[in-house]
Structures are given as C-alpha cells and as structure tokens.
Amino acid sequence: MTSSEVQEQVNEYYDECQVDYSMMWGTNDHLSMHFGYHDDENRRLKDAVINLTRVIADRADISEGDRVLDAGCGVGGSAVWLARERGARVDGVNINEMQVEKARRGAAERGVDDRVAFHVADYTEVPFDDGSFDVVWAVESVCHTDDERAFLREAKRVLKDDGVLVVADGFLGKERDEMTDDENEGVDAMLEGMAAPSLATVEEFRRSLVDEGFRGVGFENKYESVYPSARRIYLMTLATYPVAALLRLLGVRSETQTKHLSAAYHQYRMLKKGVWVHGLFYARS
Ligand SMILES: C[S@@+](CC[C@H](N)C(=O)[O-])C[C@H]1O[C@@H](n2cnc3c(N)ncnc32)[C@H](O)[C@@H]1O
C-alpha cells in the first residue's frame, strides 16, 4: 500500500468509528483516544486516561513554556492537558480533519486555545522548522504508519538538540514466523480493524530509534497499566456484538465499524498471550 492509501484507510476508520470512541470511551469528555494507564489510584477509565498523560509528561519532564509536538493528536486530549497542567505550548498534527476541528473546539471550550494549535498534517512531514520542539509526543498514533522510520526522522529533525521523544504504542511481542496460526489471524484482525498497516516488534522499533540517531533509548512494558482497558474493551464488545451485527445486517453500521469490533475482541486475547505489548519508548535526539 502507498502511504496515501494507508492514510485514506486511517481517515475512513476514524470518520466511521469516532462514534464508538464517543459512546464507549467517553472521548467527548476527556478528549482522549488511548488505553490509559491504570494503577491503584487510577482505577476508573476517566482517571486512567489522564494518568497516562501525566506519567508520560513526567517521563518527558515537560514544564512551563516547553514546546511540544503532539504527533497524531486525535481530538486534542494530551495537548489540552499539557497546556493546562504543565503550561506547555503544544502543536498537534493529525491527518483527520474532523478530529482537528473537534480538537480546536475542545481547546477553545477549555480556555487553552492561546497555548495550543492544531494542524491538518502528516507526522512524517510536519510544517515546522528544524529544531523547533523540546518534546515530540506520540500516543497510539505511530501504529498507523508502515514507515515508522519516516516518522522518527521527522521527529529528529524538528527536535532541538537533546530534545525528548516519547512514543506510547502497541508493538509486536514476537516475530510473525514465531506466531501460531491463531496468533497470526488474531493480529491480522486486530490490525485491519484498527487501520494499522503493520506493527514493529519492540526490538525492531528500538533498532530504528538507534539507527535514526536517538540516544538513551529506553522502553517500559505497560501491560499491567493497560490490561483493565483491554479487558473493558473486550467485554463491551461481547455485550454489544449481537446488536452491532444486527445493525450491520440492516445496513446501519458499516463494514469498517464491524471490523473495529472484531479488533476490539482480538486485541485482548492477543495482549494476554504476549503477542503484542503496549509499551512506552523514550529517547533523546
Ligand atoms: C488512536 S488515535 C490517538 C490520538 C491521541 N494521540 C490520543 O492519545 O488521544 C491515533 C491518531 O493518529 C492520527 N494519525 C494517524 N496517522 C497519522 C499521520 N500519518 N499523521 C498524523 N496523524 C496521524 C489519527 O488520525 C488519530 O488521530
């Protein structure tokens, strides 16, 4: 697939599945579209999604006045939080126009539109000068490209010297040829339903970071932190599947929306088997 075909699929997925995020994930309230990080103090989903942003902001050491690029910003949850809670200036880029509009509205409603700006742009080719940012932030967005090196090169270009890159995302836990047939099928269904063309293994992504010149590369496996959300998505899918299947038969729900539910089912099974991991990479430019 060419990169424009990949982006077309990503846009179709979000245009059609945003309704699922709004209804099942509470995205209209917290503006976030990720698994969140649960811990003893953050057991509820709405707290876990904020906690992920806080944990990553601490890891990237974001403070007052830092300039942050939110690569694949969704509807702006991280950008708004970073501006409000850390006093950062954030530019969010996203190829999905509908989400960019929502992000702009969300930031204005929360009174931070003087510190955040959202742009329709591809994170492999952003409209910013070299060395513009203290931090490049990518949460569950790099999974949507099959050229993560292009993303890493662009992140390196726009980071200041010794700037920080944080990438929280899914990565394969083993090579495809080490997987059973069931695991390969589960991963295929998961990737197709979430408009992710492919996933790098943890080791491939680590190698890419080093090859692209990043230093101090670290990785944390966030299995415990995302497990409650993965299970929640799975259980919600089991509960709603009969109605969703009927709506599909009636032509009310689309094929893309149906595949999204199938992905929601398989992601949990595959996470438990260690076929994919949810992890946090960090590195310096
Ligand atoms: C799962 S959402 C995560 C959104 C946000 N980072 C969050 O944590 O709420 C992935 C986002 O990446 C965006 N995206 C995918 N491919 C992109 C690309 N090539 N350039 C910019 N954004 C992209 C999607 O449109 C979507 O908004």
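Ala, Val, Leu, Ile, Met, Phe, Trp, Tyr, Cys and Pro count here as nonpolar, Asp, Glu, Lys and Arg as charged, and the others, Gly among them, as polar. By these classes, the shell around the ligand holds eight nonpolar, 14 polar and two charged residues. The model is predicted.

The shell comprises 24 residues in total. G72, G74, V139, S141 and H144 are the closest to the ligand. Three elements give two or more residues to this shell: α1 (3-25), α4 (77-86) and β2 (89-94). The greatest contribution comes from α1, with three residues.

The protein as a whole contains ten helices and seven strands. Its radius of gyration is 18 Å, close to the 19 Å that the globule rule gives for 285 residues, so the protein is as compact as a globular protein of that length. Along the principal axes, the C-alpha atoms fill a box of roughly 50 × 45 × 40 Å. Of the 285 residues, 47% are buried. Contacts often bridge distant parts of the sequence. Among those between residues at least 6 apart, 76% join residues at least 24 apart.

The largest nonpolar core has 85 residues. Within this core, V136, W137, L165 and V166 touch the most other members. Strand β5 gives the most to the core, with eight residues. The surroundings of V166 were examined individually. Residues up to four places away in sequence aside, V166 touches I56, R59, A60, V135, W137, L280 and Y282.

Helix α3 covers residues 45-59. The helix has 15 residues and reaches 21 Å from its first C-alpha to its last, close to the 21 Å expected at 1.5 Å a residue. Its buried residues are A48, V49, I50, L52, T53, V55, I56 and A57. One of these, I56, is also touched by V166. The cover over the buried residues of α3 includes α2 (27-30), α4, β5 (159-172), α9 (223-249) and β7 (276-284). Helix α4 thus appears both in this cover and among the elements that give two or more residues to the ligand shell.

Just after α3 comes D61, with a positive phi of about 55 degrees. D61 is not a glycine. The residue sits in the loop between α3 and β1 (67-71). D61 counts as exposed because it has 12 C-beta neighbours inside 10 Å, and a residue with 12 or fewer is classed as exposed. A195 is another residue other than glycine with a positive phi, near 55 degrees. The loop between α7 (181-193) and α8 (202-211) holds A195. A195 has 23 C-beta neighbours inside 10 Å and therefore counts as buried, the cut-off being 20 or more.

Two further loop residues were examined, beginning with S141. S141 is among the residues closest to the ligand. The residue lies in the loop between β4 (133-139) and α6 (148-158). S141 has 24 other C-beta atoms within 10 Å, so it is buried. G72, also among the closest to the ligand, is 69 residues from S141 along the chain, yet their C-alpha atoms are separated by 5.2 Å. Neighbours within four places in sequence aside, S141 is in contact with A71, G72 and Y123.

Y123 is found in the loop between β3 (116-120) and β4. Y123 is buried, because 24 other C-beta atoms lie within 10 Å. Leaving aside neighbours within four places in sequence, Y123 is in contact with A71, G72, V93, S141, F151 and E154. A71 and G72 thus appear among the contacts of Y123 and among those of S141. C73 is 50 residues from Y123 along the chain. The C-alpha atoms of Y123 and C73 are separated by 9.8 Å.

Helix α6 contains R157. With 17 C-beta neighbours inside 10 Å, R157 counts as partly exposed. R157 and H278 are 121 residues apart in sequence. In space, the two are 26 Å apart, C-alpha to C-alpha.

How values were computed. Residues are numbered from 1 along each chain as its sequence is written. This is a predicted model: local features need pLDDT of at least 70, side-chain atom pairs count only at pLDDT 80 or more; totals for chains, interfaces and linings use all residues. A residue is near a molecule or strand if its C-beta atom, placed from the backbone, lies within 6 Å of it. Helices (H or I, at least four residues) and strands (E, at least two) are DSSP runs, numbered from the N terminus. The radius of gyration is taken over C-alpha atoms; the globule rule is 2.2 Å times the number of residues to the power 0.38. Two residues are in contact if their C-beta atoms, placed from the backbone, lie within 7 Å. The expected span of a helix is 1.5 Å times one less than its number of residues. A nonpolar core is a set of buried Ala, Val, Leu, Ile, Met, Phe, Trp, Tyr and Cys residues joined through C-beta atoms within 7 Å.
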